[in-house]
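User: I am new to this structure and would like a close look at one part of it. Please take the packing of the helices and describe it step by step.

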Amino acid sequence: MVTAFITVVAAITRFTILNYPTDAGTPVFDEKHYAPQGWQVLTGGWIEDNPAYGLVVHPPVGKQLIAVGEALFGYNGWGWRFSAAVAGTVLVLLVVRIVRRMSRSTMIGAIAGILMIAESVTFVSARLGMLDIFLAVFVVAALGCLVVDRDQVRQRLAVAAAQGRIGVTAAGPRLGVRWWRFGAGVLLGLACGTKWSGVYFVAFFGIACVALDIAARRAYGVRKPWRGTAIRDLGPALYALVVIPIAVYLSTYWAWFASETGIDRHAVGTKIGADSAFSFVPDAVRSLWYYSGNVLQFHEELTNSAGNRHPWESKPWTWPMGLRPMLYYYADGDNVTGCGQTSCVKAVMLVGTPAMWWLAFPVLAWGLWRWLVGRDWRYALVLTAYGAALLPWFLTLDRQMYYFYAAALAPFLVMGLALTLGDILGKAGNGDERRATGLLAVSLYIGVVIANFVWLWPILTALPISTTMWEQQLWLPSWR
């Protein structure tokens, strides 16, 4: 019931006036790329093109999901935003259930859900027809699968220990088919099929899964846990978390493979030679490789040093605290009314709720302490996911970047924050005074978060406000 209630509240916030605002009935900001491509997917044989640039620079899954909404509601704000709003609602549900399982506490799971509802980066991302909210859902769902897989592995080892099979070999017992890990691979493939940055999660989650297996074998007394993991678990892990994502990623191009007019679909024999050292590879796959190389070159050339700059771009060191937000929509002048003043403003700004995002570094520091000193696997897994969403971007600092890339970062910040609040609440065995003090502190903090989210609501949803109110919303010079 708790999960259902929180999910319903999340849906209400995500779907309220979803079709607003638009630029005179047309998409806003980068919706101008993805909404038309979604419509092309729907009406053009499930492939899309991008005539303005000559190629499509992201894989097809996100555009296909946008197309589902457009099939239901048409080419309008409801159509190109519907699937994103569904994804944003599902994201809240996933965070509740994952934190509930990690903490073994319905209360802490509910706290995570409340924080997720009031987390404004994913809130705004769920109300626009762009790709980042889909990426966030897939990687969070993949993390959830790995959490369940961890529990299942320990259950199987517990059974083996009860049956006296742990010490039969130094490597420990086999663990059988692990369908939850397989599911994580499928979801990671869909993440890569949405945006290529999903590959970072493939790498980080793969390492995390192997580390969890080593820890599990060690916890149940396997004599050589590292060797056991290498023999028993590493091969299946590579299959589930590398081979399966690659296969799923390739399958997301099914419409491109089936088409005759997809971009570079027949590059072999026209743009690249039919005979080469890789001629044993099917022509369709070689053509996709060529096409992907052009996409990679596009991204590599989208750099500041090449003159590509945007007034609202940001670098990854600003993302943890949301120091440089993103202005998606802005309107003022005589056509904007409804604020009760002679001069009104409407804006949609992607900005992280400061009551949460400004605590990122204390939460990260606490999480590292709990991981390295307390050996708390929950913080280890959350910080690994957080690192996958943030750290790889530091390798390409010259590249043009935006704060909306941090949409995949937000759920893991919320998870870490919820686990930290759980530590503040204390354990069931703590004294009544300790528990009461912790509950008071956590309740007051949640109240501050909700109040902060309500304060930001006008600039998250483009409600008309006065110019004075607009200035009061911009707390930092870097927000301007």
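Analyst: What follows goes through three helix pairs, then two single residues, and then the annotated domains.

The model is predicted. Two packed helices are described by the angle between their axes and the distance between the axes. Each pair below is treated in that way.

The pair to begin with is helix α1, residues 2-15, and helix α5, residues 106-117. Their axes come within 10 Å and cross at roughly 0°. Angles under 35 degrees count as roughly parallel, so α1 is roughly parallel to α5. On the α1 side the contact is made by V2, I6, V9, A10, T13 and R14. On the α5 side T106, A110, G113, M116 and I117 take part. Sorted by class, this contact of α1 with α5 has seven nonpolar, three polar and one charged residues.

Helix α5 also packs against helix α16, which spans residues 410-425. Here the axes come within 9 Å, and the crossing angle is roughly 140°. Angles over 145 degrees would count as roughly antiparallel; α5 is therefore oblique to α16. The crossing of these two helices, α5 and α16, is right-handed. From α5, the residues M107, I108, I111, A112, L115 and M116 meet α16. Their partners in α16 are P411, V414, L417, A418, L421, G422 and L425. The contact of α5 with α16 has 12 nonpolar residues, one polar residue and no charged residues. M116 of α5 is listed both in the contact with α1 and in the contact with α16.

The remaining pair is helix α9, residues 198-219, with helix α15, residues 377-390. The axes of α9 and α15 come within 8 Å and cross at roughly 160°. With the limit for roughly antiparallel set at over 145 degrees, α9 and α15 are therefore roughly antiparallel to each other. Their crossing is right-handed. In α9 the contact involves Y200, F201, F204, F205, A208 and L212. In α15 it involves W377, L381, T384, A385, G387, A388 and A389. By class, the contact of α9 with α15 divides into 11 nonpolar, two polar and no charged residues.

Two single residues can be placed against these helices. D213 lies in α9. Is D213 buried or exposed? Its relative accessible area is 3%, and buried means under 20%, so D213 is buried. Leaving aside neighbours within four places in sequence, D213 is in contact with V153, R178, R181, T229 and D233.

R104 sits in the loop between α4, residues 77-103, and α5. With neighbours within four places in sequence left aside, R104 is in contact with V99 and D151. R104 and L212 are 108 residues apart in sequence, and their C-alpha atoms are 18 Å apart in space. L212 is one of the α9 residues in the contact with α15.

Finally, the database annotations. An unreviewed UniProt entry gives the domain "ArnT-like N-terminal" at residues 76-255. Over residues 76-255 the chain is 78% helix and 0% strand, with its end C-alpha atoms 24 Å apart. The unreviewed UniProt entry also places the domain "Protein O-mannosyl-transferase C-terminal four TM" at residues 287-479. In the model, residues 287-479 are 51% helix and 8% strand. The end C-alpha atoms of that span lie 44 Å apart.

Notes:
Residues numbered from 1 in each chain as written. Predicted model: local features only at pLDDT ≥ 70, side-chain atom pairs only at ≥ 80, totals over all residues. Heavy atoms only, no water. Helix = DSSP H or I, 4+ residues; strand = E, 2+ residues; numbered from the N terminus. Buried < 20%, exposed > 50% of the residue type's maximum accessible area, 1.4 Å probe, protein only. Contact = heavy atoms within 4.5 Å. Axes fitted to C-alpha atoms, helices over the stretch in contact; angles between N-to-C directions. Parallel < 35°, antiparallel > 145°, perpendicular 65-115°, else oblique. Nonpolar A, V, L, I, M, F, W, Y, C, P; charged D, E, K, R; others polar. UniProt positions renumbered as here; feature names shortened; annotations may be inferred. Left-handed = near helix turned anticlockwise from the far one by under 90°.
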